[in-house]
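Subject: Structure for you to look at

Hello,

Here is the structure I promised to pass on. Please open it and keep it in view while you read my notes below.

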Amino acid sequence: MIPAAVFDALAPGYDARFTQSALGRMLRRAVWRWLDRPFARGARVLELNCGTGEDARHLGGRGVRVLATDASAAMLDLARAKIDGAGLGSSVEVRHVDIERLDALIAESPGPLDGAFSTFGGLNCVADLGRVASALAALLRPGARVVLCVMGPLVPWEWAWFLAHGQVGKAFRRLARNGVEWRGITVRYPSVGTMRRAFAPRFTVRRVGGLGVLVPPTYAETWARRHPRLVERLDRWERRIEGWPIVPWLGDHYLLELERR
């Protein structure tokens, strides 16, 4: 199970550091375009690792019914406040569920769900991706779509940034075979191929895209604020090329849209 205390400690400053940052908003808008396409008004979808509820609020505002789950009680408190503040309590349910214990939802489910999603690296903290895939398959109807946003292993922006700052270890940390220890958690960086194989028995890949290929990672926020026009252009170019064959392999994150068989 994911140690919830780690994310409880991060919760108070998470929105200020990421959600409300210029780069964070830009990257999230790109993810929303992927979420808006498969999840229509009235659809019932499951969110894994909902954090402070920003994506659930977005979809709930569009009429999508979201079951937003997370292992961190502190993150969930912020998500509930955000959802209630937006008047979306009837559209979004916030529930304490560990992503590695999704099996608990199967018996409680009122029927097959229409989709699921996980954004910004929630699955990078999971040791057994196959177990998550199996649980999702049991919760979703055939034809349901799943959108996953995962941190990848090959990030030229990261190599250049940390090498320029003399931090060689950080530059290539994602290449470690067994993952990276961070605050007592092992963070893994599965490739597109690894994710495809983990979900292949029950899901078909429909789309793959890159995120943070031209747009810099969020730790470059100070630089990005000094060069807003350049970053906006990089974002426009990235959206045009995000689905090119090599691009998803070279982003801070990549996006997968899967279909339940």
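**Cysteines**

The sulfur of Cys149 has its closest cysteine sulfur in Cys125, 13 Å away, and that is too far for a bond. Keep in mind that this is a predicted model. Cys149 is buried, because its relative accessibility is 1%.

Now find Cys50. Which cysteine holds the sulfur closest to that of Cys50? Cys125 does, at 14 Å, so this pair is also too far apart for a bond. Cys50 counts as buried, with 6% relative accessibility.

A disulfide is a covalent bond between the sulfur atoms of two cysteines. To count here, the two sulfur atoms must lie within 2.5 Å. How many disulfides does the structure hold? The count is zero.

**Salt bridges**

Side chains of opposite charge can pair when their charged atoms come close. The structure has 21 salt bridges. Here are some of them.

Start with Asp36 and Arg62. They form a salt bridge, and their closest N and O atoms are 3.4 Å apart. This pair ties together distant parts of the chain, with the two positions 26 residues apart in numbering. Asp36 sits in helix α2, which covers residues 22–36. Arg62 is in the loop between α3 (54–61) and β2 (65–70). Are these two residues buried, partly exposed or exposed? Asp36 is partly exposed, at 25% relative accessible area. Arg62 is partly exposed too, at 27%.

Next, look at Arg95 and Glu93. Their side chains meet in a salt bridge, at 2.8 Å from N to O. Arg95 has 24% relative accessibility, so it counts as partly exposed. Glu93 has 39% and also counts as partly exposed.

Then go to Arg174 and Glu158. The closest N and O atoms of this salt bridge are 3.1 Å apart. Again, distant parts of the chain are linked, here 16 residues apart. Where does each partner lie? Arg174 is in the loop between α8 (168–171) and β6 (180–182). Glu158 is in helix α7, residues 156–164. Arg174 is buried, because its relative accessibility is 6% and the cut-off for buried is under 20%. Glu158 is buried as well, at 1%.

Some salt bridges share partners. In this way Arg145, Arg206, Arg207, Glu257 and Glu259 are joined into one network.

**Surface patches**

Turn to the surface. Which residues gather in a patch of positive charge? They are Arg229, Arg233, Arg236 and Arg240. Take Arg229 as an example. Its place is in helix α11, residues 228–241. Arg229 is exposed, because its relative accessible area is 66% and the cut-off for exposed is over 50%.

There is also a nonpolar patch on the surface. Leu163, Val168, Phe172 and Leu175 make it, and its area is about 350 Å². Leu175 lies in the loop between α8 and β6. That loop also holds Arg174, from the salt bridge with Glu158. Leu175 is partly exposed, with a relative accessible area of 46%.

**Where to start**

For a quick tour, begin at Cys149 and its 13 Å gap to the sulfur of Cys125. Then view the buried Arg174 with its partner Glu158. Finish at the positive patch that includes Arg229.

Best wishes

How values were computed:
Residues numbered from 1 in each chain as written. Predicted model: local features only at pLDDT ≥ 70, side-chain atom pairs only at ≥ 80, totals over all residues. Heavy atoms only, no water. Salt bridge = Lys/Arg side-chain N within 4 Å of Asp/Glu carboxyl O. Helix = DSSP H or I, 4+ residues; strand = E, 2+ residues; numbered from the N terminus. Buried < 20%, exposed > 50% of the residue type's maximum accessible area, 1.4 Å probe, protein only. Patch = residues over 30% accessible without salt bridge, like charges linked within 9 Å, V, L, I, M, F, W, Y side chains within 5 Å. Areas by Shrake-Rupley, 256 points an atom, 1.4 Å probe, with all protein chains shown as cover. Lys, Arg positive; Asp, Glu negative; His and termini not counted. Charge placed at Lys NZ, Arg CZ, Asp CG, Glu CD.
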